Structure formats: C-alpha cells, structure tokens
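Work through the exercises below with the sequence and the model side by side. Try each task before reading the solution that follows it.

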Amino acid sequence: MKAAADASAVLLRLSGLSKRFGGLQAISDVSLDLPAGQITTLVGPNGAGKTTLFNMITGHLAPTAGAVYLHGQPLAGMAPWQIARRGVGRTFQDLRLFTHMSVLENVTTVIERGSWLWQPRADRARIDAVLRETGLWDKRHERAADLAYAERKFLSLARIMAGDASLWLLDEPASGLDPRSFARFVALLRDYAARGITICIIEHNLDLVTQLSDRLAFLDQGRLLACGDPAAILKDPQLAAIYFGERA
C-alpha cells in the first residue's frame, strides 16, 4: 500500500522504551518510529508486550525508562486524556462502548462540544459521514448493547474516525469480523491512511497483516526483533517459529 504522506516524517517515536513490573521485564529498550500516513502492525506471540506499548503511548502506564515523542514533543507525565487531546485515538480489545447509549450518542461523545445543544453543523456532518462509512447510519438510534458483534467493532472504530486524532492505535480491530465486514474494514483503513492518518495495529489475523501493513514490527518477550518490510519479516523462518510457538 502506498501512503500519501511523506514517509520520512515521523509522527510518533519510541526511544529506548522499557517497562518493568516488579521482577518482570515486560518491555526492554524498544525504539520504534511510526512514519506519518503509514500503517504499522505490531505482531508477535501472546505476552510479547504489544498492549503494554500501547498503554505507555497513551499514558495508561509510565515507562520505567525511555521516552515517547509525538510530533517531536515528549509525552512524559501527561494523563491519558491530555494525550488523547493531542491527537492519539485508541480502541481496545474489550471495545469499551457506552452500551446503554445510542450509536449516535456513542460517536458524539468523542467531540467535546457534542454534548451541547449548539453543536456546530460541521461536527454533525462529520458524524453523519462516519456513520455512513461504517455502515451504521441505519442503526444510529439503536443502543450499542443491541448491535451485532461486528457492528460494535465498527462503532468502536467510528468513535476514532469522528475525532481529530492523527494517530490511531487499534488493538485487534478485525477479530471476529465476518468476510464482508472484514473487507469493509480493510477498505476504511486504506482510505484513511491515504488521507494521511497514521495507524498502528496490534493484530493476529495474518490476512489483515498482509493486506494492510506498510511496515511490520515483530516483538517477542518485550524486545523488538525486527521492523521493516512485512513480506520479508513474515518469511523469516526464525520469526515464524517464534510466532507459532515452535521455538527451539
């Protein structure tokens, strides 16, 4: 996939990032750049440290060592809501929707002015467009709790799309999608990356990895073992053995 943005521009930089939980070294000296307008996928076996990296980027965990830079500015000491306001959007494996609110209300919550009666027309137009893109327009007045699983996944993504985030962190966003929903999901991410959105995905679905990724970052036991061309990394027999649990 060819990204529209200048690949030399780094939106997010992880520099020597480490995280220790007591006697457990969860992340060890990880340095990784996320180029603007590209899709980078984090892969590796369970427990490799992928979600821990997301938690440090978003301020939910403080690094033991190292730093995170967004647009060249350090994020150290910022609360998750402050980092979100600087343009970092995130989805979670457990979705974290407002289940008793409508689809429209769920998406509206990401726009701070959305709770007020004088919400600008531009915001409503953007929300309406996102609901149509994600196939949720006809469900906009239904409760999130009443949606099918795939629809909830798209609602989680719609909340990111409606905001002003320039960086999307998506944690296993395609898990459980049927083939038709999967195709729509791939098309959406390709379209937004072409618009200049920087996307980082944690994903175990190798079909999605191969179809979407501009770059692949392979993690194992908290260490970054490889980063670069997805095809080359996926063909590496040693990395494949680690990924499929066949290490010596």
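**Exercise 1.** Find the ring face over which Arg-195 lies, and find a second arginine placed over a ring.

*Solution.* Arg-195 lies over the face of Tyr-192, at 4.0 Å from the ring centre. A charge sits over a ring if NZ of Lys or CZ of Arg is within 6 Å of the ring centre and within 35 degrees of the ring normal. The charged end of Arg-96 is likewise placed over a ring, that of Phe-92, at 3.8 Å from the centre. Before going on, note that this is a predicted model, in which local features need pLDDT of at least 70 and side-chain atom pairs count only at pLDDT 80 or more, while totals for chains, interfaces and linings use all residues. Residues are numbered from 1 along each chain as its sequence is written, and side-chain values use heavy atoms, with hydrogens and water left out.

**Exercise 2.** How many aromatic pairs does the structure hold, and how is each one arranged?

*Solution.* The structure holds two aromatic pairs, where rings of Phe, Tyr and Trp (its six-membered ring) pair if their centres lie within 6.5 Å, with planes under 30 degrees apart counted as stacked, over 60 as edge-to-face and the rest as tilted. In one of them, the ring centres of Trp-168 and Tyr-192 are 5.0 Å apart and the planes stand at 40 degrees, so this pair is tilted. Because Trp-168 lies in strand S7 (residues 167–171) and Tyr-192 in helix H6 (residues 179–194), the pair ties together parts that are 24 residues apart in sequence. Helices (H or I, at least four residues) and strands (E, at least two) are DSSP runs, numbered from the N terminus. Both Trp-168 and Tyr-192 are buried, where buried means under 20% relative accessible area, exposed over 50% and partly exposed in between (1.4 Å probe, protein chains only).

Tyr-243 and Phe-244 form an edge-to-face pair, with 5.0 Å from centre to centre and 85 degrees between the planes. Tyr-243 is buried, with a relative accessible area of 16%, whereas Phe-244 counts as exposed at 51%.

**Exercise 3.** What is the order of the strands in the open sheet of six, and which strands lie at its edges?

*Solution.* The order is S6-S7-S8-S3-S9-S10, with mixed pairing; two strands pair if DSSP finds at least two bridges between them. The edges are formed by strand S6 (88–90) and strand S10 (223–228), each of which pairs on one side only. Neighbouring strands of this sheet are turned against each other by 15 degrees on average, direction ignored. Axes are lines fitted to C-alpha atoms, for helices over the stretch in contact, and angles run from 0 to 180 degrees between N-to-C directions.

Next, follow the pairing from strand to strand. S7 and strand S8 (residues 198–202) pair in the parallel sense over five bridges, and the partner of Leu-169 in S8 is Cys-200. Helix H5 (residues 149–162) packs on the sheet, touching S6 and S7, and its direction makes about 170 degrees with that of S7; contact means heavy atoms within 4.5 Å. S3 and S8 pair in the parallel sense over four bridges, with Thr-41 opposite Ile-201 and Thr-40 opposite Cys-200. Four bridges also join S3 to strand S9 (residues 215–220), and these two run parallel; here Val-43 has Phe-218 as its bridge partner.

**Exercise 4.** Which residues of S3 point one way, and which point the other way?

*Solution.* In a regular strand the side chains alternate between the two faces of the sheet. From S3 (residues 39–43), Ile-39, Thr-41 and Val-43 point one way and Thr-40 and Leu-42 the other way, and all are buried. In S8, Thr-198, Cys-200 and Ile-202 point one way, while Ile-199 and Ile-201 point the other way, and all of these are buried as well.

**Exercise 5.** Which residues does Val-10 contact, leaving aside its neighbours within four places in sequence?

*Solution.* Val-10 is placed in strand S1 (residues 10–21) and counts as partly exposed, at 30% relative accessibility. With those neighbours set aside, Val-10 is in contact with Asp-33, Leu-34 and Pro-35. Val-10 and Asp-33 are 23 residues apart in sequence and 6.2 Å apart in space, C-alpha to C-alpha.
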